[in-house]
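The following exercises ask the reader to examine a molecular structure step by step. Each task is followed by a worked solution.

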Amino acid sequence: MTEKKIIAIVGATGAQGGGLLRAILSDKNSDFTARAITRDINSPKAKELAKLGVEVVAADVDNLESLKRAFKDAYGAYCVTFFWEHFSPEKEIAHATNMANAAKFTGIKHVIWSTFEDTRDRVPLGDNRMPTLMGKYKVPHFDAKAEANRVFTSLGLPTTFLLTSFYWDNLIYFGMGPKRGTDGKFAFTLPMGSKKLPGIAAEDIGKCAYGIFRNSREYIGKTVGIAGEHLTGSQMAAELSKVLGKEVSYNEVSPDAYRSFGFPGAEDLGNMFQFKRDFETEYCSARNLDTARSLNPSLQTFNNWLTQNKGRIPLE
Ligand SMILES: NC(=O)c1ccc[n+]([C@@H]2O[C@H](COP(=O)([O-])OP(=O)(O)OC[C@H]3O[C@@H](n4cnc5c(N)ncnc54)[C@H](OP(=O)(O)O)[C@@H]3O)[C@@H](O)[C@H]2O)c1
């Protein structure tokens, strides 16, 4: 029996890494085996993975030495950062740099770096159509990831740059689901006008990543964008109405209004949606649906995802 190639997965107890881990586990004939990286090997989620027979290893993206240990002898590494844990673009760049250095040190043969576009390439800091945030960013959680791309490149790492999309799961976990208005009716709020928002089931990101690892030769050195569907706010509201069995209207607000909502990260997300709205063609075409489906033949549509998850969307 030939030995399986280890994929070291950062964020294995979370959305993206968890999807990749489950994709590897569910392929009984896989050439790969998953190594789950977690900060706490004694957490209930980590113990659950160990019970399934998964190798579980402790590391923190804040700690280079721990990552070197976690990446040791691995063929591949799935690298993702956790902006919403700290809201700091500088930390995000430092964490990506740690992962890249650990991958270089351990001789990883294929890295997937979960990244985004640098929005400042299209909206320079002097462009006032959206505010500059934290002194030097337009969309901090995009721009920081894009800045970190060059660390992977400059170290000469065999990297695939994975452009992900808006998780439909945000309707469950991120407070972005339909809300009941003062008139008692449900409305789904986005500042996208009539433009299309590429979205994806978070689980499918990991499945696509698995497809990329399985086709290393084709994807090393490439940027790959993925989405499950490109839908307007009206189309999403129409699907919500159909699947939830309640009328949900699209509440189209301006990016300015969204930025002023006041929750942590509202300005960052207001700028992000405005970027997606104002550069719809470029943003959607960077996320090809056929490519995503070729990497992951079971890629879900919004309707598929909603049908599976309708009971999990908080509706109050
Ligand atoms: N929400 C969206 O629509 C969306 C779309 C595309 C991309 N993104 C990006 O996705 C990224 C987050 O990925 P995700 O959604 O997969 O995360 P997630 O589901 O929140 O999972 C985070 C996991 O990573 C681990 N983790 C957290 N901090 C860590 C650290 N310092 N060191 C090592 N592991 C750590 C945690 O595991 P343990 O507790 O077990 O350590 C946790 O289970 C963000 O940067 C965001 O910008 C989000």
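**Exercise 1. Determine which atoms of Thr13, Arg39 and Phe83 lie close to oxygen atoms of the ligand, given that a polar contact is a pair of N or O atoms within 3.5 Å (within protein, one must be able to donate a hydrogen and the other to accept it, and residues adjacent in sequence count only if both atoms are side-chain atoms).**

Solution. Step 1: Thr13 places a polar side-chain atom 2.6 Å from a ligand oxygen atom. Step 2: Arg39 has a backbone N or O atom 2.8 Å from an oxygen atom of the ligand. Step 3: for Phe83, a backbone N or O atom is 3.3 Å from an oxygen atom of the ligand. Step 4: the ligand taken alone exposes 940 Å², of which the protein buries 84%; accessible areas come from the Shrake-Rupley method with a 1.4 Å probe, and for residues only the protein chains shown count as cover.

The model is predicted: local features need pLDDT of at least 70 and side-chain atom pairs count only at pLDDT 80 or more, while totals for chains, interfaces and linings use all residues. Residues are numbered from 1 along each chain as its sequence is written, and side-chain values use heavy atoms, with hydrogens and water left out.

**Exercise 2. Describe the shell around the ligand, where a residue is near a molecule or strand if one of its heavy atoms lies within 4 Å of it.**

Solution. Step 1: the ligand is surrounded by 25 residues, and the closest are Thr13, Thr38, Thr81, Tyr167 and Asn170. Step 2: sorted by class, the shell holds ten nonpolar, ten polar and five charged residues. Here Ala, Val, Leu, Ile, Met, Phe, Trp, Tyr, Cys and Pro count as nonpolar, Asp, Glu, Lys and Arg as charged, and the others, Gly among them, as polar. Step 3: at least two shell residues come from each of helix H1 (15–26), helix H4 (83–86), helix H6 (140–154) and strand E7 (166–167). Helices (H or I, at least four residues) and strands (E, at least two) are DSSP runs, numbered from the N terminus. Step 4: H4 gives the largest share, three residues.

**Exercise 3. Are the partners in the salt bridge of Lys145 with Glu92 buried or exposed, and what are the corresponding states of Lys68 and Glu65?**

Solution. Step 1: a salt bridge is a side-chain nitrogen of Lys or Arg within 4 Å of a carboxyl oxygen of Asp or Glu, and the count by this rule is 14. Step 2: in the pair of Lys145 and Glu92, the closest N and O atoms are 2.6 Å apart. This pair links distant parts of the chain, with Lys145 in helix H6 and Glu92 in helix H5 (residues 89–106), 53 residues apart. Step 3: buried means under 20% relative accessible area, exposed over 50%, and partly exposed in between (1.4 Å probe, protein chains only). Lys145 is buried because its relative accessibility is 7%, and Glu92 is buried because its value is 1%. Step 4: Lys68 forms a salt bridge with Glu65, with the closest N and O atoms 3.2 Å apart. Both Lys68 and Glu65 belong to helix H3 (residues 64–71) and are three residues apart, about one turn of the helix. Lys68 is buried at 17%, whereas Glu65 is partly exposed at 43%.

Key: Near = heavy atom within 4 Å.
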